[in-house]
Amino acid sequence: MLYVVGVGPGDPEHMSIKAVKTLERCDVIAGWRSVLERVLQHHPQLGVKELVFLSYKNQDDELRRLAEKSKRRDVCVLAHGDPTVSDWEFLERIREAAGDFAIVHSVSSINVALGKLGLDLAHVLFVSMHASSPQDPLEAARLAARKRALVIFPPPRPDGPVEVAKRLAPEFAKCRAWVLEELTIADRIWRGTVEELTNAEGHFSDLSIVVVDCRDA
Ligand SMILES: C[S@@+](CC[C@H](N)C(=O)[O-])C[C@H]1O[C@@H](n2cnc3c(N)ncnc32)[C@H](O)[C@@H]1O
């Protein structure tokens with residue numbers, strides 16, 4: 001069987017008990033190097049398993065090999081956070097290679113961001129620019145029609161949050177904005193307006209979430 005196992009957004013205590021138990025059951029564990037190394041750091045007993053490090057270059061070949069192995073053994077493929085949040089391209093690759101698989105959930109960075117700002121999923125619109133065809137935050141801001149806050153995964157670059165702000169500023173400059181960096185790891189929060197974010201000095205982490213709230217602007 002092939003499992004796609006969410007491992008939480010950083011802090012190992014955000015990994016579900018089901019995720020830990022599934023990893024213990026698997027004979028083979030695969031994942032991006034940064035994710036796999038983080039899991040091994042907190043669960044060194046998993047180091048005895050067959051480990052497969054995925055990269056952008058080898059992922060299609062390795063996923064085909066993992067699919068073949070999963071016919072006879074239990075194989076776990078790791079996903080950062082929860083696999084149902086902004087990992088659709090990765091899941092499509094796995095589906096192409098393996099057909100069916102089971103998802104094992106953990107906490108997503110989205111849950112932590114909402115909790116930090118006191119927001120509910122029903123009151124926000126989620127936009128992911130962390131994809132090869134990124135979604136457009138300006139289109140989402142217009143759709144939200146000032147009734148929902150926007151929760152945005154910016155492009156994973158140091159200036160990603162500033163790019164988001166520049167896209168929104170012509171129509172939504174006065175809205176409140178936050179950048180939540182390295183949730184559950186370093187937990188830094190930048191606060192200001194969209195306009196101020198366009199000028200924010202310094203570089204943000206690749207692990208950042210931008211929240212924009214125009215409801216009282
Ligand atoms: C490809 S998406 C995967 C998200 C993951 N499936 C989840 O549930 O969190 C990666 C993006 O999630 C956001 N992210 C993930 N972990 C984060 C964290 N600890 N702090 C802030 N943002 C995070 C960043 O925007 C990052 O570029």
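This is a short dialogue on reading pockets, cores and buried residues in a predicted model.

Visitor: Let's start with empty space. What volume does the largest pocket have?

Guide: The general idea first: rolling a probe the size of a water molecule over the atoms shows where empty space is left. In this model, the largest pocket has a volume of about 1,100 Å³. Its lining counts 36 residues, and those closest to the pocket centre are Tyr56, His80, Ser86, Asp87 and His130.

Visitor: Which elements give two or more residues to that lining?

Guide: They are H2, E4, helix H4 (88-98), strand E8 (176-181) and strand E10 (208-213). H4 provides the largest share, four residues.

Visitor: And how do the lining residues divide into nonpolar, polar and charged?

Guide: You will find 18 nonpolar, 10 polar and eight charged residues there. Domain 1 (2-104) and domain 2 (109-213) each contribute at least three residues to the lining.

Visitor: Now the nonpolar cores. Which residues touch the most other members of the largest one?

Guide: A nonpolar core is a set of buried nonpolar residues joined through side-chain atoms within 4.5 Å. Here the largest has 23 residues, and Ile152, Leu168, Leu197 and Val212 touch the most other members. At least two residues come from each of helix H6 (137-144), strand E7 (149-153), helix H7 (160-172), E8, helix H8 (194-198) and E10. H7 gives the most, with five residues.

Visitor: Let me zoom in on Val212. What is Val212 in contact with, leaving aside neighbours within four places in sequence?

Guide: Val212 contacts Ala149, Leu150, Ile152, Leu168, Cys175, Arg176, Ala177 and Val194. There is also a second, separate core of 17 residues, with Val7, Leu36, Cys76 and Val104 among them.

Visitor: Leu36 brings me to helix H2. Which residues of H2 (residues 33-42) are buried?

Guide: Leu36 is one of them, and the others are Val35, Arg38, Val39 and Leu40. To read a helix like this, look at what its buried residues pack against: for H2, the partners are helix H1 (17-25), strand E2 (28-32), strand E3 (50-54) and strand E4 (75-79).

Visitor: One last residue, Gln59 in helix H3 (residues 59-69). Why does Gln59 count as buried?

Guide: Buried means under 20% relative accessible area. Gln59 counts as buried because its relative accessibility is 3%. Not counting residues up to four places away in sequence, Gln59 touches Trp32, Leu54, Phe90 and Arg93.

How values were computed:
Residues numbered from 1 in each chain as written. Predicted model: local features only at pLDDT ≥ 70, side-chain atom pairs only at ≥ 80, totals over all residues. Heavy atoms only, no water. Buried < 20%, exposed > 50% of the residue type's maximum accessible area, 1.4 Å probe, protein only. Contact = heavy atoms within 4.5 Å. 1 Å grid on protein atoms, 1.4 Å probe; cavity = no way out; pocket = protein on both sides within 12 Å on 5 of 7 lines; lining within 4 Å. Points joined across faces, edges and corners; volume = space filled by probe spheres on them. Nonpolar A, V, L, I, M, F, W, Y, C, P; charged D, E, K, R; others polar. Domains from an automatic or database assignment.
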